[in-house]
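Me: Please give me one close look at a single part of this structure, set in the context of the rest of the chain. I would like the cut-offs behind each term stated as you go.

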Amino acid sequence: ILQPTLQGKLGPLAFQNSFSLTCLSIALRAGDHVFQDQTLDTVLPGEGVLIGDTATVLLQIGSLSVGPHASWLSPVSAQREGQVLRLGGIALLTLKDQHGLFGRTKVVASMSWGVVHPNGASLIPTAMLALTTESDL
């Protein structure tokens, strides 16, 4: 996996763009040439190259950060199955920002829609709500 990330901040705006290049070589059952990847929510080829790009822009207002989020995934193989484009938004609420054990705690919420997906575009969003924490030892 090769995954360079570009990130920066200008005033209250922060951005992050992650590009990934992954070589796949997965043993599949006889006759199968793709598999369902639950993490990426798409069908991927057993062999080939996977290219992904994720971009997020956040506007920080006090302890709340909100912004648009785009995610693109394209397998490069003979089958050309599994292309995905998701568009949506993300919000992060910082509950605690200190040094020490469980010093930085955030609530993260994200919602995105599959604009391009192997199962077709969907009006039903994929949603995520999480509690994250970081610690200094």
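Reply: What follows is about the largest pocket, then about its surroundings.

The model is predicted, with local features requiring pLDDT of at least 70 and side-chain atom pairs counting only at pLDDT 80 or more, whereas totals for chains, interfaces and linings use all residues. Residues are numbered from 1 along each chain as its sequence is written, and side-chain values use heavy atoms, with hydrogens and water left out.

The chain has nine strands and zero helices, where helices (H or I, at least four residues) and strands (E, at least two) are DSSP runs numbered from the N terminus. From that end on, the order of elements is β-β-β-β-β-β-β-β-β. The C-alpha trace spans about 55 × 35 × 25 Å along its principal axes. Among contacts (heavy atoms within 4.5 Å) between residues at least 6 apart in sequence, 45% join residues at least 24 apart.

The largest pocket holds about 920 Å³ of space. Its 36 lining residues include S18, T54, T56, H69 and S71, which are the closest to its centre. A pocket is found on a 1 Å grid over the protein atoms alone, as an open set of points with protein on both sides within 12 Å along at least five of seven lines, where the probe has a radius of 1.4 Å and lining residues have an atom within 4 Å of a point. Grid points are joined across faces, edges and corners, and the volume is the space filled by probe spheres set on the points. Strand 1 (5–10), strand 2, strand 3 (34–37), strand 5, strand 6, strand 7, strand 8 (104–116) and strand 9 (126–134) each supply at least two residues of this lining. Strand 2 gives the most, with eight residues.

Strand 2 is therefore a natural place to look further, since it gives the lining its greatest share, and two of its residues are F15 and S20. S20 is buried, with a relative accessible area of 18%, while F15 counts as partly exposed because its relative accessibility is 40%. In these terms buried means under 20% relative accessible area, exposed over 50%, and partly exposed in between, with a 1.4 Å probe and protein chains only. Leaving aside its neighbours within four places in sequence, S20 is in contact with L2, Q3, L50, I51 and G52.

F15 also belongs to a nonpolar surface patch of about 950 Å², to which L6, L13, V57, L59, I61, L64, V66, L93, L95 and L131 contribute as well. Patches are made of residues with over 30% relative accessible area and no salt bridge, with like charges joined within 9 Å and nonpolar side chains (Val, Leu, Ile, Met, Phe, Trp, Tyr) within 5 Å. The elements that give two or more residues to this patch are strand 2 (13–25), strand 5 (47–61), strand 6 (64–76) and strand 7 (84–97), and strand 5 gives the most, with three. Accessible areas come from the Shrake-Rupley method with a 1.4 Å probe, and for residues only the protein chains shown count as cover.

L58 lies in strand 5 and counts as buried because its relative accessibility is 19%. Apart from neighbours within four places in sequence, L58 is in contact with P12, L13, A14, S65, V66, G67, I90 and L92. L58 and I90 are 32 residues apart in sequence, with their C-alpha atoms 8.2 Å apart. In strand 6, P75 is buried with a relative accessible area of 0%, and its C-alpha lies 9.7 Å from that of C23, although the two are 52 residues apart in sequence.

The whole structure contains two salt bridges, a salt bridge being a side-chain nitrogen of Lys or Arg within 4 Å of a carboxyl oxygen of Asp or Glu. The side chains of E134 and R104 form one of them, at 3.3 Å from N to O. Because E134 lies in strand 9 and R104 in strand 8, this pair ties together parts that are 30 residues apart in sequence. E134 is partly exposed, with a relative accessible area of 43%. D32 and R29 also meet in a salt bridge, at 3.3 Å from N to O, where D32 is partly exposed at 36% and R29 is exposed at 67%.

For the chain as a whole, 26% of the 137 residues count as buried, and the accessible surface comes to about 8900 Å², of which 63% belongs to carbon and sulfur atoms.
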